[in-house]
Amino acid sequence: MNKKIVFATHNEHKVQEVRTMLSPLGYEVLSLSDLHLSEEAEETAETFEGNSRIKAEDIARRLPRYAVLSDDSGLEIRALGGFPGVHSARFMEGEGYEKKNKAILERMKGIEDRRAAFVTVMTYIDEERKIEKSFRGEDTGRIVSSFPEGKQNGFGYDPIFFSDALQKTYGEASPEEKNRVSHRSRALRQLFAHLGGRA
């Protein structure tokens with residue numbers, strides 16, 4: 001029998017990553033858009049863990065018959081005190097990511113320490129089985145010195161994040177390359193193992 005998980009997001013890029021990882025275990029991953037749910041819980045916590053839990057608990061209350069998965073992700077830049085961190089999506093809200101990326105590069109002008117990490121915390125809630133667990137994934141790297149030209153893969157801050165594991169930016173990587181090392185894939189592998197697969 002097909003098992004269903006509601007992923008508490010409207011972001012189709014994220015949904016596709018989760019579907020790719022969980023479909024071999026027989027899970028059907030539904031987004032909030034699939035269920036015509038337009039409202040999302042307000043992210044009021046100051047940590048990825050806190051915001052991920054807020055989103056998961058909100059959907060679990062509204063859809064108690066489903067297992068629920070949520071995530072909170074962001075880019076942490078060491079020299080900027082972890083900024084944008086939990087505010088990654090809301091930084092310069094309303095603007096496109098090309099402008100956001102260029103604004104971050106402007107803030108980093110003249111800064112030698114360019115270390116950064118992409119972080120994801122995923123929360124899984126299955127009310128029926130009384131399970132609530134969190135999984136944290138990180139990929140370390142650095143912020144590039146200039147905005148890349150030409151076609152870019154990925155989304156968000158991918159073009160300006162140079163991954164230590166890949167030795168290239170997420171924007172230069174294929175989806176398959178990124179999925180092998182990304183913060184989200186690292187958290188997903190932990191969830192995969194928890195659900196009965198072998199990470």
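Met 92 is found in the loop between strand 3 and helix 3. This is a predicted model. Its sheet is open, with 7 strands and mixed pairing. Helix 1 and helix 2 both lie against strands of that sheet. The loop that holds Met 92 also holds Pro 84 and Ala 89. The points below start with that loop, then turn to the sheet, the helices and the aromatic rings.

**The loop between strand 3 and helix 3**

- Met 92 has a positive phi of about 50 degrees, although it is not a glycine.
- Most residues other than glycine have a negative phi, and most peptide bonds are trans.
- Met 92 counts as partly exposed because its relative accessibility is 29%, a value between the 20% and 50% cut-offs.
- Pro 84 sits in this loop as well. A cis peptide bond joins it to Phe 83, with omega about 0 degrees.
- Ala 89 also belongs to the loop, and the helix that follows, helix 3, spans 97-107.
- Ala 89 has a relative accessible area of 51%, so it is exposed; the cut-off for exposed is over 50%.
- Beyond its neighbours within four places in sequence, Ala 89 is in contact with Tyr 97 and Lys 100.
- Ala 89 and Gly 156 are 67 residues apart along the chain, and their C-alpha atoms are separated by 8.4 Å.

**A second positive phi**

- His 36 has phi near 60 degrees, a positive value in a residue other than glycine.
- His 36 is placed in the loop between strand 2 and helix 2.
- The relative accessible area of His 36 is 71%, so His 36 is exposed.

**The sheet**

- The strand order across the sheet is 2-1-3-4-5-6-7.
- Strand 2 (27-31) and strand 7 (168-169) are the edge strands, each pairing on one side only.
- Strands of a sheet pair through backbone hydrogen bonds, either parallel or antiparallel.
- Strand 1 runs parallel to strand 2, and 5 bridges join them.
- In that pairing, Lys 3 stands opposite Tyr 27 of strand 2.
- Strand 1 (residues 3-7) also pairs with strand 3 (residues 67-77), in the parallel sense and over 3 bridges.
- On the strand 3 side, Ile 5 has Ala 67 as its bridge partner, and Val 6 stands opposite Val 68.

**Helices against the sheet**

- Helix 1 (residues 12-22) lies across strand 1, strand 2, strand 3 and strand 4 (115-126).
- Helix 1 runs at about 170 degrees to strand 2.
- Strand 1, helix 1 and strand 2 together make a β-α-β unit, and this unit is right-handed.
- Helix 2 (residues 48-62) packs on the sheet and touches strand 1, strand 3, strand 4 and strand 5 (131-143).
- The direction of helix 2 makes about 155 degrees with that of strand 3.

**Aromatic pairs**

- The structure holds 5 aromatic pairs.
- One of them joins Phe 83 and Phe 91, with ring centres 5.1 Å apart. The pair is edge-to-face because the planes stand at 85 degrees.
- Phe 91 is buried, with a relative accessible area of 9%.
- Phe 118 and Phe 161 also form an edge-to-face pair, with 4.8 Å centre to centre and 65 degrees between the planes.
- That pair links distant parts of the chain, with Phe 118 in strand 4 and Phe 161 in strand 6 (residues 161-163), 43 residues apart.
- Both rings belong to buried residues: Phe 118 has 6% relative accessibility, and Phe 161 has a relative accessible area of 0%.
- Ring pairs link Phe 118, Phe 161 and Tyr 170 into a cluster.

**Charges over rings**

- The charged end of Lys 100 sits over the ring of Tyr 97, 4.3 Å from its centre. Ala 89 is in contact with both of these residues.
- Lys 102 places its charged end over the ring of Phe 147, at 5.4 Å from the ring centre.

Methods: Residues are numbered from 1 along each chain as its sequence is written. This is a predicted model: local features need pLDDT of at least 70, side-chain atom pairs count only at pLDDT 80 or more; totals for chains, interfaces and linings use all residues. Side-chain values use heavy atoms; hydrogens and water are left out. Two strands pair if DSSP finds at least two bridges between them. Helices (H or I, at least four residues) and strands (E, at least two) are DSSP runs, numbered from the N terminus. Contact means heavy atoms within 4.5 Å. Axes are lines fitted to C-alpha atoms, for helices over the stretch in contact, and angles run from 0 to 180 degrees between N-to-C directions. Buried means under 20% relative accessible area, exposed over 50%, partly exposed in between (1.4 Å probe, protein chains only). Rings of Phe, Tyr and Trp (its six-membered ring) pair if their centres lie within 6.5 Å; planes under 30 degrees apart count as stacked, over 60 as edge-to-face and the rest as tilted. A charge sits over a ring if NZ of Lys or CZ of Arg is within 6 Å of the ring centre and within 35 degrees of the ring normal. A crossover is right-handed if, with the strands pointing away from the viewer, the path from the first strand over the helix to the second runs clockwise.
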